[in-house]
Amino acid sequence: MAQELILIVEDNEKNIKLVRDLLQFNGYETIEAVTAEEGIEIARTHHPALILMDIQLPGMDGKTALQHLRADPLTKAIPVVAVTASVMTSERDEILKAGFDGYQSKPISIKEFIPAIKNVLNSRLDSQDAS
Ligand code: MN
């Protein structure tokens, strides 16, 4: 199960580097996009195991990007985890209601981040087994 590809959609270079380093250190491959538009294109061509989606992006935002991903047969089954600077409960609820498979708040918690990613990847595998 190692070497799964994770797509990072994020426009902040420091956040990209932190997430990339954490994922690579834990045996994942990473690919990056700095806009939602680019992220959607990479998702279609590279079929990542999971997408980390920043909500605030230049141009299209992360929530709109999720709707595009879900509407496309090529990308609709890929789990998408929102990454947001907001820790307000109302926005968390909104994010989960929008259909994201989970969320991580920024600044990223180094202790919680990888277990949360593994959890989403594992539940995706479980639901595939059940079908
Ligand atoms: Mn951003």
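## Exercises on a parallel sheet and its helices

In this predicted model, strands β4 and β5 run parallel and are joined by 4 bridges. Keep that pair in view while you work through the exercises.

**Exercise 1. Place β4 and β5 in the sheet, and find which strands stand at the edges.**

Start with a residue you can click on: valine 81. In β5, its bridge partner is glycine 102. Now look at β3, where leucine 52 stands opposite that valine in β4. Strands β3 (residues 50-54) and β4 (residues 80-84) pair over 4 bridges, in the parallel sense.

Next, take the whole set. The open sheet has 5 strands in the order β2-β1-β3-β4-β5, with parallel pairing. The edges belong to β2 (29-33) and β5 (102-105); each has a single partner strand, so one side of each has no neighbour in the sheet. On average, neighbouring strands are turned by 20° against each other, direction ignored.

**Exercise 2. Work out which helices, α1 and α4, touch which strands.**

Take α1 to begin with. It packs on the sheet and touches β1 (5-9), β2 and β3, with its direction at about 160° to that of β2. Then go to α4 (residues 89-97), which packs on the sheet against β4 and β5; its direction makes about 145° with that of β5.

Finish with the faces of β5. Gly102 and Gln104 make up its covered face, while Tyr103 and Ser105 are on the uncovered one. That fits a general pattern: side chains in a regular strand alternate between the two faces of the sheet.

**Exercise 3. Check the length of α1, then sort its residues into buried and exposed.**

Length comes first. Helix α1 covers residues 13-25, which is 13 residues, and at 1.5 Å a residue it should span 18 Å; the end C-alpha atoms are 18 Å apart, so the two agree.

Now the sorting. Asn15, Ile16, Val19, Leu22 and Leu23 are buried. Viewed down the axis of α1, the buried residues fall within an arc of 140°, so they line one face of the helix. Glu13, Lys14 and Phe25 are exposed on the other side. The background is simple: an α-helix has 3.6 residues a turn, so residues three or four places apart point the same way.

Last, check both ends. At the start of α1, a side-chain oxygen of asparagine 12 comes to within 2.9 Å of the backbone nitrogen of lysine 14. Just after the helix, glycine 27 has a positive phi of about 90°.

**Exercise 4. Find what α3 packs against, and what caps its N-terminal end.**

Pick out the buried residues of α3 (residues 62-71): Gly62, Ala65, Leu66 and Leu69. They cover an arc of only 105° around the axis, so they sit on the same side of α3. Those buried residues pack against α2 (36-46), β3 and β4.

For the cap, look at aspartate 61: one of its side-chain oxygens lies 3.1 Å from the backbone nitrogen of lysine 63.

**Exercise 5. Is alanine 98 buried or partly exposed, and what does it touch?**

Locate the residue: alanine 98 is in the loop between α4 and β5. Its relative accessible area is 23%, and buried would need under 20%, so alanine 98 counts as partly exposed.

Then list the contacts. Leaving out residues up to four places away in sequence, alanine 98 touches Leu66 and Gln67. Finally, compare sequence with space: alanine 98 and threonine 64 are 34 residues apart in sequence and 9.3 Å apart in space, C-alpha to C-alpha.

How values were computed
Residues numbered from 1 in each chain as written. Predicted model: local features only at pLDDT ≥ 70, side-chain atom pairs only at ≥ 80, totals over all residues. Heavy atoms only, no water. Helix = DSSP H or I, 4+ residues; strand = E, 2+ residues; numbered from the N terminus. Expected span 1.5 Å × (residues − 1). Buried < 20%, exposed > 50% of the residue type's maximum accessible area, 1.4 Å probe, protein only. Arc of directions from axis to C-beta. Polar contact = N/O pair within 3.5 Å; in protein donor to acceptor, adjacent residues only side chain to side chain. Pairing = 2+ DSSP bridges. Axes fitted to C-alpha atoms, helices over the stretch in contact; angles between N-to-C directions. Contact = heavy atoms within 4.5 Å.
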